[in-house]
Each structure stands twice: as structure tokens, then as C-alpha cells.
Amino acid sequence: MGKMTEGRNSSRYRTKSMAADDAGAGKVQWHAAFCAAMRLELKQDEKFLQFMNEYNLNSKPLEIDLLIVKKPEKHIIESPIGKIFRKHNILEYKSPKDELNVDTFFKVNGYACLYKAYGRYVDEIKADSVTISFIRSEKPSKLLEALRKKGFAVENPFHGVYYISGKTYFRTQIIVVNELPGLQYIWLQSLTKEIDELTARELIRQSNNLVSQGDKALADSVLAVSVKANKELFGKIKEGYDMYEALKELMADEINCIIEEVKKEVIVEGRKEGIKEGRKEGREEGIKEGREEGKKEGIKEGREEGRKEGVRVFIESCQELGVLYEQVLEKLEEKFGLTKQEAKEYTESCWKRDA
């Protein structure tokens, strides 16, 4: 199911430091970004909604990608992707590489049945107060055809939105992101490996226009995933000064997180290596003065080697995250005290041109 862990009733969003930590794993964190995107898509109704990422059905490892509880239940959501919502809304997200098939459909219906059955008392959660939403970039044509053959009714009331009814206890919809109109759903439309330049630029523009820190953190999660999944396109976009400055500002926290982690590694490794080399030199000299001088020189050399390794790790981590080449140069000068020439030489030696 989802890739982000939160408590049973938590409504926290994914932080920038968490996004930076994930970069080391080398995986695109689609589910975390999806949860952030849904919050932004339904922002106008946020005071009526409670978002719970990876909601645990019980003590066993059964999790719902995203549970949205509407309060009050009578509040009407105008967005087509949320018009179907009742009080309890279960969302299942499929990343670009994941399949949405008939088994997934029945599995999530099973989760909905369990969720309905786990009320505090008998029939506390009414079946007609529960909805199911499947979200996927591509249209699941095979699934829709299979459902029709099994006697389900399939309607298409809005662009990109398909209602499933007839043989299910719960109101169900399938949202096909690629069919959503225009750029009205920019946060969901950015969760793809095939983003176009117009969408990418609009994502940056809207991210920069956000005011609250909470919204900015959510947008940052979406942007980080989109940049990582579409490195080549965002690399071209940086050539425009306005877009470069916007990306530099938006990605600043991710870079600072990497810097802090690298600094810690450099200090630890430098100290270990320095002490090791210092002792080695001291023993070879055989005298106290030699040991002291050797230790000092060894620590100095060890720290220098650790610093070089730290710079290398920082550059590779930034590139994996999708940080821009020019921005890496600036941060090397600022955080590691390198000259422009040194920063360029380090980056040229570590930058993977085919990444």
C-alpha cells in the first residue's frame, strides 16, 4: 500500500527532512507525494477534512493509503474528484509502475468492509457513509472492461472520473489523472515520469505562490518527487533564470538536510581516520615527539580525506535528488568553503552526465 508511516489518527504531512532522507534510498516516494497532492487538490475544503496517511485497520499490517474523514458529513465538496465523498473516504493510489486490476479492486473493497466493521459499536459506520477512490495516471481499461462483464455499471460523469456502481456496497470512483482537464489538478498531474514542460513550469509557479508553511511543505514533497522522476526536463528548465531561481529557493531545505548529514559523516570519519593515521606515524617514529607530530598530521590528513569524501557524497546525493548543477556549485562554496574553481572541479569529477 503506502510508503509513509504515521500514527493511526495522525494528520501530519510529510516534512522536507523526510524527503531528503528518502533520497538516500534511491527510490521515488510516490505515495508520500500523493498524500501531499491530495491535500493541495482539496485545499479549499481542508477545514472540513481530516487526512490520515497509511491508516491502520487494526493491529495487523493492513493499511489504507489515505483515509479522509469529512467533518461535518453534510459539507459538499465542489471539486469533481471529491464530489463522491461522504464521511469516510478510502483512497488507494497506484504509482506509474503499479497495476490497477480486478484483484486490487476487490482487495480495497475488503479493506472498506473491515473499516466499516471496526466501529466502536454495531453499525456505527454506515455502509453508505463509506466511499472508495482509486487514483492512477493511466486509464485501467482492462479493469473497467472486467467490471462491466461482471455486471458493474461504469459511468464517466466528469473528465478523468469514472463511477462504479451496481454490485458494490460502497460508492466507488476511479480517477484517471491523465484524463483530468487542463492543469486544474496540477499536484496530481505532476506525479508522473512523463511530465511536460508546461506542467512542470506551472508546478513551480504554483509552488512559489503558496503562502503558509504547511502548504509549502506539502508542495515541496510533490516537487521533490516530480524533479527526481523527471531529471532531464527539470535540467532544461533551469536554463531559464526565473525558473532556476524558483527551483533554487524551493529545493533549499533538501540541500541543507543533505549538507547536515554529510557534515556529520565527515566529522566522524575524519576523526577515526586521523587518529588511525596519527598512531601509525607515531609508532614509526618511536618517540613521543614523533607520535604527537604524526598524530596531528594524521588527523589533518584524515580530516582532509573525510572532507573530500563528504563533498563527493554531497554532490552525488544532490544529483540523485534532482538538485540543479548550478545550485550544487553554490552550496559547495557556501557550506564547504570551496573556491569557485574547486567547487567546479569537484562537481565535474563526481557528476554523472548520463543520470
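**Entry 1: helix 2**

I began with helix 2, residues 30–41, in this predicted model. I noted that its 12 residues reach 16 Å from the first C-alpha to the last, close to the 16 Å expected at 1.5 Å a residue.

I then looked up its burial and found helix 2 mostly covered, with 12 of its 12 residues buried. I recorded that the buried residues include Trp 30, His 31, Phe 34, Cys 35 and Met 38. Charged side chains are also on this list, among them Arg 39 and Glu 41.

What covers the buried residues of helix 2? I listed strand 1 (49–56), strand 2 (63–70), strand 3 (88–94) and strand 4 (130–136) among the covering elements. Helix 5 (186–189) and helix 7 (213–229) are also included.

**Entry 2: salt bridges**

I searched the whole structure for salt bridges, and the search returned 13. I followed up several of them.

The side chains of Lys 43 and Glu 46 form one, at 3.4 Å from N to O. Lys 43 counts as partly exposed because its relative accessibility is 31%. Glu 46 also counts as partly exposed, at 40% relative accessibility. I noted further that Lys 43, Glu 46 and Asp 215 are linked in a network of salt bridges.

Next I examined Lys 94 and Glu 92, whose side chains meet in a salt bridge at 3.2 Å, N to O. Are Lys 94 and Glu 92 buried or exposed? I found both residues buried.

The third pair I checked was Glu 197 and Arg 201, with a salt bridge of 2.9 Å, N to O. Both residues lie in helix 6 (residues 197–209), four residues apart, about one turn of the helix. An α-helix has 3.6 residues a turn, so residues three or four places apart point the same way. Glu 197 is partly exposed, with a relative accessible area of 40%. Arg 201 is likewise partly exposed, with a relative accessible area of 30%.

**Entry 3: backbone geometry**

I turned to the backbone and looked up the peptide bond from Lys 71 to Pro 72. I recorded this bond as cis, with omega near -5 degrees. Pro 72 is placed in the loop between strand 2 and strand 3.

I also looked up Asp 123, where phi is near 60 degrees, a positive value in a residue other than glycine. Where is the place of Asp 123? I located Asp 123 in the loop between helix 3 (102–117) and strand 4. With 37% relative accessibility, Asp 123 counts as partly exposed.

Methods
Residues are numbered from 1 along each chain as its sequence is written. This is a predicted model: local features need pLDDT of at least 70, side-chain atom pairs count only at pLDDT 80 or more; totals for chains, interfaces and linings use all residues. Side-chain values use heavy atoms; hydrogens and water are left out. Helices (H or I, at least four residues) and strands (E, at least two) are DSSP runs, numbered from the N terminus. The expected span of a helix is 1.5 Å times one less than its number of residues. Buried means under 20% relative accessible area, exposed over 50%, partly exposed in between (1.4 Å probe, protein chains only). Contact means heavy atoms within 4.5 Å. A salt bridge is a side-chain nitrogen of Lys or Arg within 4 Å of a carboxyl oxygen of Asp or Glu.
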